[in-house]
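Here are some notes for a colleague who is opening this structure now. They take up confidence, a sheet and helix packing in turn.

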Amino acid sequence: MEGLQNVKHKTEFLIVGAGAAGCSLGYLLKKAGAEVLVLERQDEATRVKLCAGILENRAEQAFASVFGMSVDEAGLAPMNLEYFNLCRGTHELPRATKEHNASGREAVAESKPNGLGSSPDGYFKKSGKLLAKIILNQAVGYDLNKNGTFRTLPRKRLDDFIRDRYLSLGGKLLDCTVIRSVNEAAGVAQCIDLRTKDLFGVQFGNLIGADGACSAVRRLVSGTGPEASLALETAVPLAGKGMIMQLIPGVPGYNWYIPRGNDATVGCYYMDLDYGPEAGAICRQRLAAFCEEIDMALPERVPGALIPRGDQVLLQPGKRTFLVGDAAGLIDMFTGGGIHYAMLSAQALADSFTGGPFYAEAMKPHLAFINKNAENVKRYYNILQLFG
């Protein structure tokens, strides 16, 4: 049978992608006594995922559900955001950079210009921006004030913790390895070791794609991938301990400055831009303008990535193939937030393999929320087109 000649590994579960979704699933399956092999395209020692590292309450709850401890008990030391400034256009932008006080010592600039409050609720009350309230209520899908405070941390810190928990249970991981083809009927995936260029087969019982928005598993099994939008993000020196989110009137997307402990990130996410040189140039131009407005130097090299748009979710593309996290398209369209969906989908799929509800059934309420969120985002951008 095709693909069986060079089988090097046999496993009950083959997971492609060693991020939060893949290693959370691997951890849960190993706890249940399963044989698991995780493949990762990048070098695991230096692997970095483009992610601002915002931990919503939902993400912290999903983490505690999977690992039986809080992020604080896990020693991840997330940073509390001191304020959240939501801005439209340029005239409301605060300065995020360090300034010097009268004594000559360095001080962090206060990020509350023009009477803006230190929370979304304060912003609504003090600035009278009815449209800003519509933005959050309609696009985000929940009340950020009622949802609690945001916390942040470097994404690599979170991913490394989850990977190490998986490995501590005897989980196997092959990094610098890509999947090239899948024979689902035979249960064999052909893979390439990027270090040695060796081609080898992995025989599996179930195949799980946890390999992001450009999921090779999803493309190889279903023939298509989800529509995705371009995001840019890079690390910058810590300049303020609050989040700045700039919405551009008439443009479907936003820029951000987000502190995460010892440093911060600046980035942008635009739903009207897909992958390509022209899109990348436009995206960088918008981010550079934002950084100039907040008096922040933009590094010369700014990594980019594609983020699913949240309106093309696919959980099971084949009889024995499943998708979790970004690979499934599980993301909030407006915020790009997916950490909670990564761990939530991993737990739902692990439960389905160990006697719980079917994966699709368990995910139904979450898909309903994602679909509603996507509709709200489109409605919000229609409002922007009308009122600017």
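1. Two strands count as paired if DSSP finds at least two bridges between them. In this predicted model, β4 and strand β8 (residues 151–152) meet that condition: their pairing is antiparallel and has two bridges. One residue to look up there is M79, whose bridge partner in β8 is T152.

2. The pair belongs to an open sheet of three strands, in the order β3-β8-β4, and the pairing is antiparallel. Its edges are β3 (54–55) and β4 (79–80), each of which pairs on one side only.

3. On confidence, the protein chain has a mean pLDDT of 82, with 79% of its residues at 70 or more. In residues 96–128 the pLDDT is below 50. That stretch nevertheless has 69 contacts in the model beyond near neighbours in sequence.

4. Two packed helices are described by the angle between their axes and the distance between the axes. For helix α1 (residues 20–31) and α9, the angle is about 30 degrees and the axes are 8 Å apart. Angles under 35 degrees count as roughly parallel, so α1 is roughly parallel to α9. The crossing of α1 and α9 is right-handed.

5. Which residues make this contact? From α1 they are A20, A21, S24, L25, L28 and L29, and from α9 they are A342, M343, A346, Q347, L349, A350 and F353. By class, the contact of α1 with α9 has eleven nonpolar and two polar residues, and no charged ones.

6. Helix α9 (residues 339–353) also meets helix α2 (residues 57–67): their axes come within 8 Å and cross at roughly 30 degrees. This makes α2 roughly parallel to α9. Is the crossing of α2 and α9 left-handed or right-handed? The crossing of α2 and α9 is left-handed.

7. On the α2 side, the contact is made by R58, A59, A62, F63, S65, V66 and F67. On the α9 side, it is made by I339, H340, Y341, M343, L344 and Q347. The residues of the contact of α2 with α9 divide into nine nonpolar, three polar and one charged.

8. A last point for inspection is M343 of α9, which is listed in the contact with α1 and in the contact with α2. Q347 of α9 is likewise listed for α1 and for α2.

Terms used:
Residues are numbered from 1 along each chain as its sequence is written. This is a predicted model: local features need pLDDT of at least 70, side-chain atom pairs count only at pLDDT 80 or more; totals for chains, interfaces and linings use all residues. Side-chain values use heavy atoms; hydrogens and water are left out. Axes are lines fitted to C-alpha atoms, for helices over the stretch in contact, and angles run from 0 to 180 degrees between N-to-C directions. Helices (H or I, at least four residues) and strands (E, at least two) are DSSP runs, numbered from the N terminus. Angles under 35 degrees count as roughly parallel, over 145 as roughly antiparallel, 65 to 115 as roughly perpendicular and the rest as oblique. A crossing is left-handed if the near helix is turned anticlockwise from the far one by less than a right angle, and right-handed if clockwise. Contact means heavy atoms within 4.5 Å. Ala, Val, Leu, Ile, Met, Phe, Trp, Tyr, Cys and Pro count as nonpolar, Asp, Glu, Lys and Arg as charged, and the others, Gly among them, as polar. pLDDT is the predictor's confidence in each residue, from 0 to 100.
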